[in-house]
Amino acid sequence: MTRLRKKAFIALFLFTLFIFGTMMGLRTLKPSDGFSDLAPGMEFGGEGSDRRRPVPNGVVVSPGQSHLSDTKVVFTKSDRDYSIFYDVHIFYYLWYGTPQMDNKYIHWDHVLVPHWDPKIAASHAQGRHTPPEDIASSYYPDLGPYSSRDPRVLESHMAQIEAAAAGVLVLSWYPPGVADHHGEPTEDLVPAVMDAAHRHSIKVAFHIQPYKGRTDQSMHDNIKYIIDRYGKHGAFYRFKSSAGQILPLFYIYDSYLTPPETWAELLTSSGSHTLRGTPYDGVFIALIVEERHKHDILASGFDGMYTYFASNGFSFGSSHQNWKAIKAFCDGNNLLFVPSVGPGYVDTAVRPWNNHNTRNRVNGRYYETALQAALSVRPEIVTITSFNEWHEGTQIEKAVPKKTLSRLYLDYQPHRPDLYLELTRRWAEHFNKEKDKWLM
């Protein structure tokens with residue numbers, strides 16, 4: 001009997017030791033350790049504040065809508081409620097064209113960008129893509145190579161964004177008559193985007209691109225143009241500041257190209273052509289790429305910073321392990337920190353030499369790890385890179401399997417084409433449940 005008691009005691013001790021070791025091991029897991037199996041519903045740590053809250057203006061009250069708050073709109077359809085959230089923003093591109101709608105393919109036939117080192121460039125393919133079978137993406141859209149001018153495409157996109165629960169579409173924007181190096185001007189399409197977004201209670205913010213000749217003065221003109229032209233539209237997004245002001249929010253891509261002292265002329269109250277305190281004031285979010293940019297962003301008079309890139313480790317700003325420090329800097333200087341997350345990254349269809357920056361999707365696990373990392377710093381807004389940047393393979397838009405004589409496209413199998421829309425909704429809902437806890 002004594003021997004049996006001894007064996008039972010040893011077994012109990014070893015079992016207790018195993019449980020203790022397992023729990024300690026789980027506690028040490030972080031997003032930077034690799035892919036996480038933790039599903040939405042886990043508790044997140046981190047520091048946060050309640051300085052600003054996003055607020056939708058002019059939300060459409062659709063049939064069946066049952067509740068409206070300052071951060072979301074709740075719909076009732078059939079036997080269930082569902083929401084879209086105005087603190088989940090998603091980057092959107094309007095630069096695609098087809099012969100049927102635009103008299104030629106635009107962007108789907110993107111050139112293969114040569115490496116700046118001629119020796120490296122010589123070892124990679126050159127030329128341009130030939131749609132519709134060969135497009136400038138490693139994935140193939142469910143809609144096929146489409147035109148951004150097609151009303152049916154816009155309607156499908158808004159329905160997909162609504163399904164993903166993202167409440168704010170962040171529109172890549174160039175001034176009238178201006179385009180990126182490989183595209184055509186698209187400012188004339190903005191009203192159609194806003195109308196389509198409005199039908200789905202989605203808001204539209206503007207992502208101002210680094211067009212040739214962008215200066216603080218031209219930016220002043222751009223902001224005035226956007227607010228004058230679109231500010232009264234029901235889909236125009238505004239954000240509630242710490243002082244209770246409800247202001248338009250703008251993302252400024254490649255903001256580091258302009259010196260801080262130049263931005264300060266526009267974004268500080270003492271600037272020579274300041275927007276502050278005028279009808280064209282806003283919440284201006286700069287891009288952080290290198291660590292030093294956070295100090296430049298502060299000196300420039302920006303209201304916050306975002307990270308954009310979906311490739312973890314590509315830059316200081318896009319590296320998940322740095323987000324806690326960036327958030328602490330922002331909290332200490334009354335700035336917004338807006339982390340950007342993406343489902344993966346692969347741009348070798350347009351930059352064939354850039355394979356080292358590829359980030360595989362791992363059936364959605366890369367995306368969930370990035371979302372977990374973002375939520376762990378308790379942000380007020382999370383941005384998704386992207387809805388439809390097909391060249392860089394960051395899209396959450398529906399994609400389908402496709403094989404041609406010369407191409408085998410990546411896809412979302414074994415999951416359905418809407419996998420990343422579903423994951424985005426799941427985490428958006430979790431994000432808002434967590435925020436309610438943070439604010440208690």
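The following exercises, with worked solutions, treat two helices, two loop residues and the largest pocket of a predicted model.

Residues are numbered from 1 along each chain as its sequence is written. Local features need pLDDT of at least 70, side-chain atom pairs count only at pLDDT 80 or more, and totals for chains, interfaces and linings use all residues.

**Exercise 1. Helix H6**

Task: Compare the expected span of H6 with the distance between its end C-alpha atoms, and state what its buried residues pack against.

Solution. Helices (H or I, at least four residues) and strands (E, at least two) are DSSP runs, numbered from the N terminus. The expected span is 1.5 Å times one less than the number of residues. For the 15 residues of H6 (residues 216–230) this gives 21 Å, and the end C-alpha atoms are 21 Å apart, which agrees. Next, buried means under 20% relative accessible area, exposed over 50%, and partly exposed in between (1.4 Å probe, protein chains only). Among the buried residues of H6 are Asp216, Met219, Ile223 and Tyr230. The buried residues pack, by contact (heavy atoms within 4.5 Å), against S6, H5, S7, S9, H7 and S10.

**Exercise 2. Helix H11**

Task: What do the span and the burial of H11 show?

Solution. The 20 residues of H11 (residues 419–438) should span 28 Å, and the end C-alpha atoms are 28 Å apart, in agreement. Of these 20 residues, 14 are buried, so H11 is largely enclosed by the rest of the structure.

**Exercise 3. Two loop residues**

Task: Is Thr186 buried or exposed, and which class holds Asn333?

Solution. Thr186 lies in the loop between S6 (166–173) and H5 (190–199). Its relative accessible area is 12%, so Thr186 is buried. Not counting residues up to four places away in sequence, Thr186 touches Leu94 and Trp95. Asn333 lies in the loop between H9 (323–332) and S12 (336–338). With 30% relative accessibility, Asn333 is partly exposed. Its C-alpha is 7.7 Å from that of Leu298, although the two residues are 35 apart in sequence.

**Exercise 4. The largest pocket**

Task: How many residues line the largest pocket, and which lie nearest its centre?

Solution. On a 1 Å grid over the protein atoms alone, a pocket is an open set of points where a 1.4 Å probe fits, with protein on both sides within 12 Å along at least five of seven lines; lining residues have an atom within 4 Å of a point. The lining comprises 35 residues, of which Tyr253, Asp254, Arg351, Glu389 and Glu392 lie nearest the centre. About 990 Å³ of space lies in this pocket, a volume being the space filled by probe spheres set on the points.

Definitions and conventions. Heavy atoms only, no water.
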